[in-house]
Amino acid sequence: MTSIGTGYDLTNSTFSPDGRNFQVEYASKAVENGGTAIGIRCRNGVVLAVEKIVTSKLLKPGANKRIASIDRNFGMISSGLVPDGRHLVSRARDEASSWRTNYKCAIPSSSLAFRVGSYVQAYTLYSSVRPFGVTTILAGWDTELESRVDGQVGSGPKAASGGQTKGAKAGGPGLYMVEPSGLYWGYYGAATGKGRQTAKAELEKLDLSSGSLSLEEGVKEAARIIYAAHEDSKDKDFELEMSWISSSEGPTKGRHEEVPKEILEEAENFAKQAMEGDDDEDTATGAGETMEL
């Protein structure tokens, strides 16, 4: 069985004898060269954060956004080939708009992940196209409130969030990651990009499945994790870009928005202090070992 793509990586529709699709694997390698992107599902919302490497001093700070709004209650972040990510943003917006047109309500987070994942997977089937060199993280808040049907056309759903059943409670935060193969999973914490291993290790320490982390705490932890993941590339400057989505009673009122500047600066200061504390601990540990010797 061959372990390299000789002869089997020329088209997207050919499997190698050991069952591998090398074009998809190459797309995953493109993702590994991108900036670190993470998503954190909190008790009362979702936080998205991305490490945006500054490739030129001529770039305008704050421009070239990497986090995009898909619908009022949805955000998307990507790592890998930036143009591929923007194409998927456009496709996801079309899917969200189509759902509103047909069903008169916002698309559920699971349905949006399914549609985007199916679209990405279709690009792994034909020799005339190539896989997307990008991994995307989708974050949303499925409203827990009863609401009128958009445009007052039709009766809308009869139950669940946004429906007509009095007292019905559903919805909540949703976080999904779509890989170049089209595979997608729901996550409490997701990470992709160059520093994904460090980010995953830090996310696992937060015990996100317990639902104890608040949205405000999630913003600080997301900043800290991005700074920790950037340590391997600390010779390069970067910008921290963050957004969040809260419940209807939270700071964003169920909408996807950028994290306010003052809160972002506070989170960055928290992250820098945490990194300095880790450095001091490492230095003290090293000094103690030297004295023992």
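**Asking the model how it knows**

Q: Asn64 sits in the loop between β2 and β3 (67-71). What makes Asn64 count as buried, partly exposed or exposed?
A: This is a predicted model, so every value here is computed from it. The relative accessible area of Asn64 is 42%. Buried needs a value under 20% and exposed needs one over 50%, so Asn64 is partly exposed.

Q: What is there to notice about the phi of Asn64?
A: It is near 55 degrees, a positive value in a residue that isn't glycine. Most residues other than glycine have a negative phi.

Q: Which other loop residue has a phi near 55 degrees, and what makes that residue buried or exposed?
A: Lys253, again a residue other than glycine with a positive phi. Lys253 is placed in the loop between β9 and β10 (256-258). With 56% relative accessibility set against the cut-off of over 50%, Lys253 counts as exposed.

Q: Ser214 is in a loop too, between α4 and α5. How do you know whether Ser214 is buried or exposed?
A: Its relative accessible area is 11%. Buried means under 20%, so Ser214 is buried. Leaving aside neighbours within four places in sequence, Ser214 touches Cys42, Arg43 and Asn44.

Q: What makes α5 a largely enclosed helix?
A: Count the buried residues: 12 of the 15 residues of α5 are buried, so the rest of the structure largely encloses this helix. Among the buried ones are Leu215, Gly218, Glu221, Arg224 and Tyr227.

Q: How do you know that the span of α5 agrees with what a helix should give?
A: At 1.5 Å a residue, the 15 residues of α5 should span 21 Å. The C-alpha atoms at its ends are 21 Å apart, so the two values agree.

Q: Which residues touch the most other members of the largest nonpolar core?
A: Ile38, Ile40, Val47, Leu240 and Met242, out of 28 residues in that core. At least two residues come from each of β1 (37-42), β2 (45-53), α4 (196-204), α5 (215-229), β9 (238-246) and α6 (261-292). The most come from α5, which gives eight. Another core, of 20 residues, lies apart from this one and includes Phe74, Ala113, Val116 and Leu138.

Q: Which residues does Leu240 touch?
A: Not counting residues up to four places away in sequence, Leu240 touches Ala49, Val50, Ala223, Ile226, Tyr227, Leu264 and Glu268.

Q: Why is strand β5 called largely enclosed?
A: Because nine of the nine residues of β5 (residues 134-142) are buried. Val134, Thr136, Leu138, Gly140 and Asp142 point one way, and Thr135, Ile137, Ala139 and Trp141 point the other way.

Q: How do you know that β5 pairs with β4 and with β6?
A: Pairing takes at least two bridges. Strand β4 (residues 74-80) has seven to β5, running antiparallel, so the two strands pair. Within that pairing, Gly80 has Val134 of β5 as its bridge partner. Seven bridges also join β5 to β6 (residues 172-178), again antiparallel, so that pair meets the definition as well. Here Ile137 stands opposite Met177 in β6.

Q: How do you know that helix α3 has the expected span, and what do its buried residues pack against?
A: The 14 residues of α3 (residues 109-122), at 1.5 Å each, should span 20 Å, and the end C-alpha atoms are 20 Å apart, so that agrees. Its buried residues, including Leu112, Tyr119 and Val120, pack against β3, β4, α2 (82-103), β5, β6 and β7 (184-186).

Methods: Residues numbered from 1 in each chain as written. Predicted model: local features only at pLDDT ≥ 70, side-chain atom pairs only at ≥ 80, totals over all residues. Heavy atoms only, no water. Core = buried A, V, L, I, M, F, W, Y, C linked by side-chain atoms within 4.5 Å. Buried < 20%, exposed > 50% of the residue type's maximum accessible area, 1.4 Å probe, protein only. Helix = DSSP H or I, 4+ residues; strand = E, 2+ residues; numbered from the N terminus. Contact = heavy atoms within 4.5 Å. Expected span 1.5 Å × (residues − 1).
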